[in-house]
Amino acid sequence: MLVALMAAALVLLPTDDARADTLTGDSTTGTASTVSPSTIAVGGTLSYTLSGFPEGAHVAILIDDADVGPGGQTGVVGELTVGEDGTYAGAVELPTYVAKGAHWLRFKVTAGEDIPTNAVRTLDYTNKSPYFTVADVTIIGGEAPTVLSAPAPTGSVTPSATPTPTATPAAAVAAGAAGGTSTSGTGWASASLPVVTTVLLALAAVLAVLTVIVLIERRRLLAYEHELEYATRR
């Protein structure tokens, strides 16, 4: 009789692979989720992804597994319907009563048909997201939070330095065109005129040298031709 009871208990108990964790446990086998950003300001919007849930299942999103929030209000901060591929992506706005510190999202199926090929009933599916931190500011991508300056006391005036505007080249050209005088154009002509003059003088000098060389070579050629003619006559 004892052996028969133990065998019946083994048959009725689910296996480890088919077991869905309890609400306060981690996650049903095969499910996964993400949250972003990892550090979020009080009352901020938290993005999430969910996968591995049965198609068409209705899922409630809770904060820290709490079905009821402060003052008896509902602890559900969002709801979703799983897509055909078993995934979903969305965002929830954190209630202001969520205190600073570490928290997580609990994804819990509230309605849905069982799938014959799944060993776990659809209503037993659950997932616990990675932890996120509620703080004074939201930190995205590991960047340092922006520190806001404290407000000045009432009745006091905080002087602010007025930056000196720096004229850009485009602004200087526009200003010159508006005033009827192109300062940049005059400066370019004044700066480029000596350069152009120097180049022209250099070219003239080169041409003069080449002319002298050509004349000398022509004289040498004529002299050589005279010598050849003289030699031929002799």
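# Close-up views of a predicted chain

**View 1. The whole chain holds 3 helices and 10 strands.** Helices (H or I, at least four residues) and strands (E, at least two) are DSSP runs, numbered from the N terminus. The model is predicted: local features need pLDDT of at least 70, side-chain atom pairs count only at pLDDT 80 or more, and totals for chains, interfaces and linings use all residues. Residues are numbered from 1 along each chain as its sequence is written, and side-chain values use heavy atoms, with hydrogens and water left out. From the N terminus on, the elements run α-β-β-β-β-β-β-β-β-β-β-α-α. Of the 234 residues, 22% count as buried. Buried means under 20% relative accessible area, exposed over 50%, and partly exposed in between (1.4 Å probe, protein chains only). The accessible surface comes to about 16,500 Å², and 64% of this belongs to carbon and sulfur atoms. Areas come from the Shrake-Rupley method with a 1.4 Å probe; for residues, only the protein chains shown count as cover. Among contacts between residues at least 6 apart in sequence, 67% join residues at least 24 apart. Contact means heavy atoms within 4.5 Å.

**View 2. Four strands form an open sheet in the order β5-β4-β8-β9.** The pairing is antiparallel. Two strands pair if DSSP finds at least two bridges between them. β5 (76-81) and β9 (126-128) stand at the edges with a single partner strand each, so one side of each is left without a neighbour in the sheet. Neighbouring strands are turned by 20 degrees against each other on average, direction ignored. For such angles, axes are lines fitted to C-alpha atoms, for helices over the stretch in contact, and angles run from 0 to 180 degrees between N-to-C directions.

**View 3. Strand β4 (residues 58-63) is mostly covered.** Of its 6 residues, 5 are buried. Which strands does β4 join, and by how many bridges? With β5, β4 pairs in the antiparallel sense over 5 bridges. Ala60 has Glu79 of β5 as its bridge partner. With β8, β4 also runs antiparallel, joined by 6 bridges. Here Ile63 is partnered by Leu105 of β8.

**View 4. Strand β8 (residues 105-111) meets the edge strand β9 over 3 bridges.** The two strands pair in the antiparallel sense. Arg106 has Lys128 of β9 as its bridge partner. Strands of a sheet pair through backbone hydrogen bonds, either parallel or antiparallel.

**View 5. Three strands form an open sheet in the order β1-β3-β6.** Pairing is antiparallel here. The edge strands are β1 (32-36) and β6, each pairing on one side only. Neighbouring strands of this sheet are turned by 20 degrees against each other on average, direction ignored. Strand β3 (residues 45-51) and β6 are joined by 6 bridges and run antiparallel. One bridge partner pair is Leu50 and Tyr88, the latter in β6.

**View 6. Val98 sits in the loop between β6 (88-93) and β7 (101-103).** Is Val98 buried or exposed? At 5% relative accessibility, Val98 counts as buried. Leaving out residues up to four places away in sequence, Val98 touches Val42, Ile63, His103 and Val134. The C-alpha atoms of Val98 and Gly43 are separated by 7.7 Å, although the two residues lie 55 apart along the chain.

**View 7. Asp64 and Asp65 have positive phi.** Most residues other than glycine have a negative phi, and most peptide bonds are trans. Asp64 has a phi of about 55 degrees. For Asp65 the value is about 65 degrees. Asp64 is placed in the loop between β4 and β5, and Asp65 is found in the loop between β4 and β5. Asp64 counts as partly exposed at 24% relative accessibility. Asp65 counts as buried at 13%.

**View 8. A cis peptide bond links Ser36 to Pro37.** Omega is near 0 degrees. Pro37 lies in the loop between β1 and β2 (39-41).

**View 9. Five residues make a nonpolar surface patch of about 450 Å².** They are Val195, Val196, Val199, Leu200 and Leu203. Val195 is found in helix α3 (residues 183-233). Patches are made of residues with over 30% relative accessible area and no salt bridge; like charges are joined within 9 Å, nonpolar side chains (Val, Leu, Ile, Met, Phe, Trp, Tyr) within 5 Å. A salt bridge is a side-chain nitrogen of Lys or Arg within 4 Å of a carboxyl oxygen of Asp or Glu.
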